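Student: Please take me through this structure, one short question at a time.
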There are 2 protein chains.
Amino acid sequence: MTTIKDVARAAGVSVATVSRVHNGSPLVTEATRRRVRKVSVRLGYSPHAAARSLSSKKTSVIGVLLPDLYGEFYSELIRGIDQCAQQRGFHLLVASSHNERAEIAAAVQSMRGRVDGLIVMSPAPGAHRPVKDLPASFPVLLLGAASAGVDSITVANEAGAREMVQHLIAKGHRRIAMILGPKENQDAAERFEGYRRALSEAGIPEDAGLHVIGDFTDTSGYDAARTILNTTPRATAIFAGNDAMAVGALGALRAAGVRIPEDIAVAGFDDIPMSRYTHPPLSTVRVDIAALGERAAVRLFEAVANHRRHRARREVVPGQLIIRASTDSP
Amino acid sequence: MTTIKDVARAAGVSVATVSRVHNGSPLVTEATRRRVRKVSVRLGYSPHAAARSLSSKKTSVIGVLLPDLYGEFYSELIRGIDQCAQQRGFHLLVASSHNERAEIAAAVQSMRGRVDGLIVMSPAPGAHRPVKDLPASFPVLLLGAASAGVDSITVANEAGAREMVQHLIAKGHRRIAMILGPKENQDAAERFEGYRRALSEAGIPEDAGLHVIGDFTDTSGYDAARTILNTTPRATAIFAGNDAMAVGALGALRAAGVRIPEDIAVAGFDDIPMSRYTHPPLSTVRVDIAALGERAAVRLFEAVANHRRHRARREVVPGQLIIRASTDSP
DNA sequence: CCTGAAAATGTAACCGATTACATTCCCGAG
DNA sequence: CTCGGGAATGTAATCGGTTACATTTTCAGG
């Protein structure tokens with residue numbers, strides 16, 4: 001591979017000049033610049049990123065740590081982040097399957113020298129620990145979890161869930177089942193809390209038989225819905241902890257010949273792209289996921305740019321109630 | 001940040017020994033190993049990736065160049081690739097929005113020193129040019145495009161499309177519309193070709209009025225379906241170039257009060273996860289996208305491992321006809 | 001034509017690891 | 001006790017850039 005030295009030799013200049021040309025330094029004659037450019041192209045030279053970032057201490061890469069890559073949620077998130085990164089000439093290093101503290105710690109470690117900043121999304125409680133004993137100067141943004149002294153963006157899960165359940169209650173439902181997310185999951189816990197709060201505020205007694213645990217996948221939603229079909233008296237509404245499970249539930253209900261929303265209403269959370277195309281279209285709490293990702297990236301870049309006098313902030317983005325036919329007969 | 005020198009000093013050994021410990025060299029006394037380990041942990045040392053890859057010439061990263069990140073297709077693909085990479089301790093560098101030749105060339109360039117290998121997916125014809133004037137020793141795998149002398153995996157688009165249209169013909173349809181993909185798109189062109197072939201083999205004359213151009217997004221499918229509703233005599237079946245457009249078409253047809261499949265049958269291509277949950281569930285040509293990604297990664301790693309005596313191969317994976325209710329009344 | 005400051009270019013140290021090669025240590029055989 | 005050889009460790013070159021500082025060039029003003 002061609003190195004900067006090869007180019008320097010061929011162009012009859014020093015490596016410093018070649019470097020200056022490639023970094024747009026004004027300290028180069030126009031003539032020299034052109035000559036170096038031409039030679040670079042001729043030799044097919046492109047700077048070695050590792051070498052460059054070793055000496056310049058910048059990588060032009062930001063890391064994204066995700067618990068998983070399954071489903072549209074993460075896809076949208078990455079898209080939002082990438083959109084912002086792209087604009088600034090940054091690349092994305094994606095690492096997934098980091099659910100446990102130890103895995104996250106390992107992943108965070110392995111990012112040293114690879115990235116200029118990190119977006120960490122992990123719904124597991126305590127996920128922020130490994131992040132906190134990173135050097136304070138290293139820019140990190142937590143997504144979906146908050147921690148003192150660390151930048152974070154979280155979704156107003158509880159408020160969103162509460163509003164959705166209030167909507168169901170307003171529609172006359174009293175027996176409202178919930179398909180919970182995994183129990184170690186922060187978002188899941190908050191959404192459950194919103195559900196309980198709405199019920200208790202409406203004076204509806206709690207019935208543990210209506211709480212079914214899922215794992216945020218569509219198949220678990222399917223199974224959960226089948227369980228809910230057997231409740232007595234049967235639930236008249238299902239609030240799923242996320243859209244994927246709601247979609248699964250719709251499938252189970254339709255297979256069982258249940259009319260939606262006449263017999264059972266169904267609502268989800270997230271507003272993934274497919275939600276508007278299900279049958280019937282799914283009521284949900286909209287979180288503009290791509291926008292969330294983009295916002296996260298913007299915030300991270302701020303931190304990267306400042307990275308001295310930067311003060312951590314936490315930000316909570318509200319969800320928006322989207323009522324579609326799955327809870328609202330025409 | 002702690003460097004290898006700090007650790008060496010604190011542990012009273014040389015940098016070479018520290019390096020050996022971290023790379024699992026057998027040339028270290030058990031006692032020394034333990035001491036170095038302990039000091040490393042105490043100082044919170046983790047090796048600087050850029051430095052490491054500069055001297056070792058390995059990055060433990062593979063690059064993925066995609067035209068876009070929108071929709072489940074790419075999400076699934078990344079998931080498949082990541083699954084394989086993860087196992088081998090590799091990270092993924094994702095770059096998207098590379099549709100034109102020049103952009104691809106730039107992206108490929110910028111990967112030097114960043115990745116050990118590259119998976120390039122670009123449906124634009126000629127996308128492989130920039131890849132070909134990479135040093136032959138650099139492992140690249142083309143996805144969805146083939147080129148002599150370069151590893152590649154492609155989907156049997158034409159065969160899959162042909163089978164699907166044959167299925168529609170078998171169901172008695174004669175006026176079968178197709179929603180095409182973008183016309184520069186290779187996959188789109190091949191699927192169109194399969195469609196035409198099936199028709200001509202069945203002796204059905206071509207009707208350009210039944211060819212509507214879309215851009216692989218659901219909204220374009222929606223619009224296309226509205227156009228198709230106005231054909232006279234009206235088409236009785238729609239074959240969409242991908243599932244996203246088919247999903248959009250379903251939405252338009254339902255909004256227009258058309259029964260599916262009784263009035264108009266609809267089929268797609270890809271079998272994205274949502275296809276089985278649409279109403280009615282969508283007939284499609286299944287391409288196991290995650291498996292495709294995983295396969296691509298496996299192939300790439302083979303090339304990375306060998307990268308001397310490696311001979312390029314091209315591989316075509318067949319699609320599988322999935323018949324669901326959208327083309328098949330019970 | 002000379003002078004000196006600004007502009008252009010060059011030299012070499014440095015970033016933080018890996019690793020070839022050199023050196024020291026240890027231990028059993030003679 | 002000495003010697004030889006393998007095991008353990010150390011020294012220093014190297015990877016390919018960036019950049020502080022040194023040096024040379026250029027050219028306006030005297």
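Student: In which loop is Pro280(B) found?
Tutor: This is a predicted model, where local features need pLDDT of at least 70, side-chain atom pairs count only at pLDDT 80 or more, and totals for chains, interfaces and linings use all residues. Residues are numbered from 1 along each chain as its sequence is written, while chains are lettered from A and ligands numbered from 1 in the order in which they are written. Elements are DSSP runs numbered from the N terminus: helices are H or I with at least four residues, strands are E with at least two. Pro280(B) sits in the loop between β9 (265-267) and β10 (284-286) of chain B.

Student: What omega goes with the peptide bond from His279(B) to Pro280(B)?
Tutor: Most peptide bonds are trans. The bond from His279(B) to Pro280(B) is cis, with omega near -10°.

Student: Which residues does the cis peptide bond of chain A join?
Tutor: The proline of this bond, Pro261(A), lies in the loop between α11 (243-255) and β9 of chain A. Omega is about 5° for the cis bond joining Ile260(A) and Pro261(A).

Student: What phi does Ser60(A) have?
Tutor: Most residues other than glycine have a negative phi. Ser60(A), in the loop between α4 and β1 of chain A, is not a glycine, yet its phi is positive, about 60°.

Student: By what turn can chain B be laid on chain A?
Tutor: Superposition is by least squares on the C-alpha atoms of residues with pLDDT of at least 70 in both copies. The RMSD is 0.1 Å, the shift along the axis is 0.0 Å, and the turn is 180°. The two copies are thus related as by a two-fold rotation axis.

Student: How many residues does each chain bring to the contact?
Tutor: Contact requires C-beta atoms, placed from the backbone, within 7 Å. On the chain B side, α4, α5, β2 (91-95) and α11 (243-255) of chain B each give two or more residues. Chain B brings 37 residues, and chain A brings 37.

Student: Which element gives the largest share of the chain B side?
Tutor: By class, that side has 18 nonpolar, 14 polar and five charged residues. Here Ala, Val, Leu, Ile, Met, Phe, Trp, Tyr, Cys and Pro count as nonpolar, Asp, Glu, Lys and Arg as charged, and the others, Gly among them, as polar. The largest share, seven residues, comes from α5(B).

Student: At what angle do helix α5 of chain A and helix α5 of chain B cross?
Tutor: Axes are lines fitted to C-alpha atoms, for helices over the stretch in contact, and angles run from 0 to 180 degrees between N-to-C directions. The two helices, residues 72-87 in each chain, have axes that come within 9 Å and cross at roughly 95°.

Student: What does that angle make α5(A) relative to α5(B)?
Tutor: Under 35 degrees counts as roughly parallel, over 145 as roughly antiparallel, 65 to 115 as roughly perpendicular, and the rest as oblique. That makes α5(A), set against α5(B), roughly perpendicular.

Student: Which strands are the edges of the twelve-stranded sheet?
Tutor: Strands pair if DSSP finds at least two bridges between them. The open sheet runs β11(A)-β5(A)-β4(A)-β3(A)-β1(A)-β2(A)-β2(B)-β1(B)-β3(B)-β4(B)-β5(B)-β11(B), with mixed pairing. The edge strands, pairing on one side only, are β11 (314-317) of chain A and β11 (314-317) of chain B.

Student: Which residue is the bridge partner of Val94(A) in β2(B)?
Tutor: β2(A) and β2(B) pair in the antiparallel sense over three bridges. In β2(B), Val94(A) has as its partner Leu92(B).

Student: Which residue of β2(A) stands opposite Leu65(A)?
Tutor: Within chain A, β1 (residues 61-65) and β2 (residues 91-95) run parallel and are joined by five bridges. Opposite Leu65(A) stands Ala95(A).

Student: In what order do the strands of the four-stranded sheet of chain A come?
Tutor: Its edges are β7 (211-213) and β9 (265-267) of chain A. Pairing in this open sheet is parallel, and the order is β7-β6-β8-β9.

Student: Which residues come nearest to DNA strand C?
Tutor: A residue is near if its C-beta atom, placed from the backbone, lies within 6 Å of the strand. By class, the surface has 13 nonpolar, twelve polar and two charged residues. Of the 27 residues around DNA strand C, the nearest are Ala16(A), Ser55(A), Thr3(B), Ser19(B) and Ala51(B).

Student: Which residues are closest to DNA strand D?
Tutor: The surface near this strand has 13 nonpolar, twelve polar and two charged residues. Of the 27 that surround DNA strand D, the closest are Ile4(A), Ser19(A), Ala51(A), Ser55(A) and Ala16(B).

Methods
Contact = placed C-beta atoms within 7 Å.
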